[in-house]
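I opened these notes to record what I looked up about nonpolar cores and charged pairs. The entries follow the order in which I checked them.

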Amino acid sequence: MTEHTDAGSPRARGPWLLRRASVDDLDAIMGIEQRTFPTDAWSREGMHAELVGAHRYYLVAIATDAGGTPATSETNASAEPRASTEVVDAYAGLLAPPGAAQGDIQTIAVEERARGKGLGRLLMHALIAEARRRGIRELFLEVRADNPPARHLYDALGFAQVGVRPRYYQPDGVDAIVMRLDLPEARMEFTDRSAAVDAASDRAQQDPRAGRSEA
């Protein structure tokens with residue numbers, strides 16, 4: 001497991017390290033994006049705009065070895081570790097303007113090889129913590145109606161369904177379930193209602209895509 005404590009100090013706990021994403025991660029992020037969302041992936045230009053956009057907060061999950069050192073791709077195994085050779089297993093993004101009352105989970109995706117290990121829930125915890133730190137009181141997301149394992153995860157994290165957007169996901173014509181989480185005061189600890197959703201949530205495509213129409 002991993003924990004991101006602040007914008008500049010990632011902390012490794014187990015097989016991943018979470019850190020702030022940058023444009024140097026764009027290639028890795030787009031690879032996961034296109035594999036995870038083959039019918040409605042964001043464009044490279046759109047993802048770039050998210051990574052550099054004001055009030056966005058994006059994280060990547062970096063695979064680590066047994067000693068907690070970031071793993072590197074096989075083709076660059078002998079190279080000095082740097083962002084371009086790190087193995088990115090997942091990414092997630094938040095839109096949370098400081099001082100605003102509402103925020104949105106923009107997107108979250110976990111590489112297939114890393115699913116079933118709690119990484120999706122870990123990223124959600126990190127985004128929720130950052131939203132709370134920024135003073136967000138209501139956090140929204142959208143999830144495909146045909147993705148019950150992901151909805152189960154969000155239910156367990158405390159999100160409640162507040163609406164439906166018919167045929168929101170195109171070209172598939174799948175409804176989007178709109179969900180909201182009421183956040184506690186900034187200094188209160190956030191805990192999910194169930195730890196039993198780890199495997200189920202990450203086996204499914206994590207597809208909240210909240211706020212993408214605003215990006």
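Entry 1, the cores. In this predicted model, I looked up the largest nonpolar core, which holds 34 residues, and noted that Leu 119, Met 124, Leu 139, Tyr 154 and Phe 159 touch the most other members. I then listed the elements that each supply at least two residues of this core, and found the strands β3 (16-20), β4 (56-63), β5 (88-95), β6 (102-110), β7 (138-144) and β9 (174-182) together with the helices α3 (119-133) and α4 (148-156). Helix α3 gives the largest share of this core, eight residues. Apart from this core I found another one, of 15 residues, with Met 30, Ile 32, Val 60 and Val 88 among them. As background I noted that nonpolar side chains tend to be buried together in soluble globular proteins.

Entry 2, an acidic residue in a strand. I looked up Asp 104, which lies in strand β6, and wrote it down as buried because its relative accessibility is 16%, where the cut-off for buried is under 20%. From Asp 104 to Leu 127 I noted a C-alpha to C-alpha distance of 9.6 Å, with their positions 23 residues apart in sequence.

Entry 3, salt bridges. My search of the whole structure gave 14 salt bridges. One of them joins the side chains of Arg 35 and Glu 111, at 2.7 Å from N to O; it links distant parts of the chain, since Arg 35 sits in helix α1 (residues 26-36) and Glu 111 in the loop between β6 and α3, 76 residues apart. Arg 35 is exposed at 53% relative accessible area, whereas Glu 111 is buried at 7%. Both residues also belong to a network of salt bridges that links Arg 35, Asp 89, Glu 111 and Arg 113.

Entry 4, two further pairs. Which parts of the chain does the pair of Glu 142 and Arg 165 tie together? Their side chains meet in a salt bridge of 2.4 Å, N to O, and because Glu 142 lies in strand β7 and Arg 165 in strand β8 (residues 160-169), the pair ties together parts that are 23 residues apart in sequence. I recorded Glu 142 as buried, with a relative accessible area of 4%, and Arg 165 as partly exposed, with 35%. The last pair I checked was Arg 144 with Asp 146, whose side chains meet in a salt bridge at 3.0 Å, N to O; here Arg 144 is buried at 11%, while Asp 146 counts as partly exposed at 46%.

Notes: Residues numbered from 1 in each chain as written. Predicted model: local features only at pLDDT ≥ 70, side-chain atom pairs only at ≥ 80, totals over all residues. Heavy atoms only, no water. Core = buried A, V, L, I, M, F, W, Y, C linked by side-chain atoms within 4.5 Å. Buried < 20%, exposed > 50% of the residue type's maximum accessible area, 1.4 Å probe, protein only. Helix = DSSP H or I, 4+ residues; strand = E, 2+ residues; numbered from the N terminus. Salt bridge = Lys/Arg side-chain N within 4 Å of Asp/Glu carboxyl O.
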